[in-house]
Amino acid sequence: MTVEQRMIRLLSSEGCGVLPPSEIGRDSKLFDLGFDSLRYMELIVLLEEELGIEVPDGMLEIDSNTTVSELVRVVSRREP
């Protein structure tokens, strides 16, 4: 499974999100997917556990323009 596929699964109802994976695309904004700061922190914990990475401090903040592809790019650089 690619980093993008894993990320979409974690962002979906199979992880800590509310939408099915089929409704999440690379350009989806996290706010549009129902993520707020609390749900985003749940995602960070899942990422660290599932991928065995430490999420950089710069990625701990979410804003209205944060997209799936941005998260994939940052996580891809961190994956062992």
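**Exercise 1. Work out whether serine 69 is buried or exposed, and describe its surroundings.**

Step 1. Serine 69 has a relative accessibility of 15%, so serine 69 counts as buried. The scale used here calls a residue buried under 20% relative accessible area, exposed over 50%, and partly exposed in between, with a 1.4 Å probe and protein chains only.

Before going on, a word on the model: it is predicted, so local features need pLDDT of at least 70 and side-chain atom pairs count only at pLDDT 80 or more, while totals for chains, interfaces and linings use all residues. Residues are numbered from 1 along each chain as its sequence is written, and side-chain values use heavy atoms, with hydrogens and water left out.

Step 2. Place the residue: serine 69 sits in helix α3, which covers residues 68-78. Helices (H or I, at least four residues) and strands (E, at least two) are DSSP runs, numbered from the N terminus.

Step 3. Look at the side chain: serine 69 makes a polar contact with the side chain of threonine 67, at 3.1 Å. A polar contact is a pair of N or O atoms within 3.5 Å; within protein, one must be able to donate a hydrogen and the other to accept it, and residues adjacent in sequence count only if both atoms are side-chain atoms.

Step 4. Set aside the neighbours within four places in sequence, and serine 69 is in contact with Arg26 and Asp27. Contact means heavy atoms within 4.5 Å.

**Exercise 2. Find two buried residues in the loop between α2 and α3, and say what is known of each.**

Step 1. Start with threonine 66, which lies in the loop between α2 (37-51) and α3. Its relative accessibility is 7%, so threonine 66 counts as buried.

Step 2. List its partners: not counting residues up to four places away in sequence, threonine 66 touches Ser28, Lys29, Leu30 and Leu71.

Step 3. Turn to isoleucine 53, also placed in the loop between α2 and α3. Isoleucine 53 is buried because its relative accessible area is 9%.

Step 4. Now take a distance: isoleucine 53 and arginine 77 are 24 residues apart in sequence, and their C-alpha atoms are 9.9 Å apart in space.

**Exercise 3. Which residues of helix α1 are buried, and what covers them?**

Step 1. Helix α1 spans residues 3-11, and its buried residues are Val3, Arg6, Met7, Ile8, Leu10 and Leu11.

Step 2. The cover over these buried residues includes α2 and α3.

Step 3. Step back to the segment before α1, where methionine 1 is found. Methionine 1 has a relative accessible area of 67% and is therefore exposed.

Step 4. Beyond residues up to four places away in sequence, methionine 1 touches Arg6 and Arg9.

**Exercise 4. Describe what the side chain of aspartate 36 reaches, then compare two sequence separations with their distances in space.**

Step 1. Aspartate 36 belongs to the loop between α1 and α2. With a relative accessible area of 42%, aspartate 36 is partly exposed.

Step 2. A polar atom of the aspartate 36 side chain lies 3.2 Å from the backbone nitrogen of leucine 38. The aspartate 36 side chain also reaches the backbone nitrogen of arginine 39, at 2.9 Å.

Step 3. Aspartate 36 and glutamate 50 are 14 residues apart in sequence and 21 Å apart in space, C-alpha to C-alpha.

Step 4. For the second pair, glutamate 61 and tyrosine 40 are 21 residues apart in sequence, with 8.4 Å between their C-alpha atoms. Glutamate 61 is found in the loop between α2 and α3, and its relative accessible area of 64% makes glutamate 61 exposed.

**Exercise 5. Assemble the whole-chain picture: what are the elements, and how does the radius of gyration agree with a compact globule?**

Step 1. The chain has 3 helices and 0 strands, in the order α-α-α from the N terminus.

Step 2. A compact globule of 80 residues would have a radius of gyration near 12 Å, and the chain, with 11 Å, agrees with that. The radius is taken over C-alpha atoms, and the globule rule is 2.2 Å times the number of residues to the power 0.38.

Step 3. The C-alpha trace spans about 30 × 25 × 20 Å along its principal axes, and buried residues make up 38% of the 80 residues.

Step 4. Finally, among contacts with a separation of 6 or more, 56% come from residues 24 or more positions apart.
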